[in-house]
Amino acid sequence: MIDGESAVDLFAGPGGWSKACHELGIREVGLELDGPACATRAVAGFATVQGDVASYSEERIVAEFGDLRGLIASPPCQDFSRAGRRKGITGERGRLVWEVLRWAEILRPQWIACEQVPEVLPIWREFARRLQGMGYRTWAGKLRAEQYGVPQTRERAILMARLGDRPVVPPVATHQRYVPGVPRGLPDLFDANGGGAGPVDLDGRGARLGDDGPTIGDPVGHLGGWRSPSPGRRFRCSRDAQAGTARGSLAGHRH
């Protein structure tokens with residue numbers, strides 16, 4: 001629980017940031033235009049205001065959200081994503097990224113946390129520069145989802161800022177980085193201390209010690225979306241050659 005913390009979440013979507021805020025004890029209010037996303041948030045019990053982020057005047061922003069300490073934002077990615085329209089900040093949705101800076105300049109929140117596809121990193125760095133001129137300490141860079149326990153190999157551009165003199169640094173990774181194309185037949189690094197199931201080897205590829213530490217040759221997606229009931233433990237699988245099924249065992253130590 002983080003006593004007294006609160007935040008407005010711009011472009012809140014169905015509630016990814018909201019879930020994290022709930023678990024951290026942060027009072028969060030999501031601002032979202034899309035009806036189905038708002039309905040999803042309602043079912044999940046997340047506080048939501050349905051509205052257009054860009055339509056809010058300075059007076060309305062201060063009146064409705066001026067008492068909140070944090071600003072969260074994941075603006076639309078369609079005009080930046082490799083799979084999207086690629087119009088950048090000139091696109092109808094791409095230009096909404098500027099709303100993050102506008103709201104920050106109006107609210108002057110104690111802290112800011114933003115996420116977008118990797119292509120937005122140059123924009124985050126420009127925002128970081130401007131926020132530094134407003135008295136914020138900042139960090140902008142890329143983080144990889146699988147290094148924080150998410151069963152995906154997504155890379156995202158992150159912007160973090162905080163008022164005051166305390167430095168802002170990215171969170172320490174809790175999991176190893178996925179590296180594709182690991183050759184077969186290398187030692188089981190996960191069993192260095194002896195015992196337990198074999199390494200992840202669902203496609204005939206084992207494990208190796210890479211530049212960033214131990215790496216797994218196959219993404220968690222090969223397990224059909226399975227998620228660990230114990231985030232502090234590792235799920236390891238071996239291949240059943242006859243039945244073609246994955247069998248797992250929990251190992252009582254971190255990645």
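Let me begin with a definition: a residue is called buried when its relative accessible area is under 20%, exposed when that area is over 50%, and partly exposed in between. By that cut-off, Glu 5, with a relative accessibility of 15%, counts as buried. Please bear in mind throughout that we are looking at a predicted model.

I shall stay with Glu 5 for a moment. Which residue does Glu 5 form a salt bridge with? The partner is Arg 69, and the closest N and O atoms of the two lie 3.2 Å apart. This pair links distant parts of the chain, its members being 64 residues apart. Glu 5 belongs to the segment before β1, which spans 6-10, while Arg 69 sits in the loop between α3 (58-65) and β4 (70-73). Arg 69 has a relative accessible area of 34%, so it is classed as partly exposed, whereas Glu 5 is buried.

The next salt bridge is a local one within a helix. Glu 126 and Arg 130 both lie in α5, residues 121-132, with their positions four residues apart in the numbering, about one turn of the helix. Their closest N and O atoms are 2.9 Å apart. Are these two residues buried or partly exposed? Glu 126 is partly exposed, because its relative accessibility is 25%, and Arg 130 is partly exposed as well, at 36%.

A further salt bridge joins Glu 146 to Arg 144, again with 2.9 Å between the closest N and O atoms. Here Glu 146 has a relative accessibility of 10% and therefore counts as buried. Arg 144 is likewise buried, at 15%. Returning to the helix, salt bridges with shared partners join Glu 126, Arg 129 and Arg 130 into one network. Over the whole structure, the search finds nine salt bridges, including those I have described.

I turn now to the sheet. In what order do its strands run? The sheet is open and has seven strands, arranged as β3-β2-β1-β4-β5-β7-β6, and the pairing is mixed. At the edges are β3 (48-50) and β6 (136-144), each of which pairs on one side only. On average, neighbouring strands of this sheet are turned by 15° against each other, with direction ignored.

One pairing may serve as an example. β4 pairs with β5, residues 111-116, in the parallel sense, over four bridges. Within this region, Ala 73 has Cys 114 of β5 as its bridge partner.

How values were computed:
Residues numbered from 1 in each chain as written. Predicted model: local features only at pLDDT ≥ 70, side-chain atom pairs only at ≥ 80, totals over all residues. Heavy atoms only, no water. Salt bridge = Lys/Arg side-chain N within 4 Å of Asp/Glu carboxyl O. Helix = DSSP H or I, 4+ residues; strand = E, 2+ residues; numbered from the N terminus. Buried < 20%, exposed > 50% of the residue type's maximum accessible area, 1.4 Å probe, protein only. Pairing = 2+ DSSP bridges. Axes fitted to C-alpha atoms, helices over the stretch in contact; angles between N-to-C directions.
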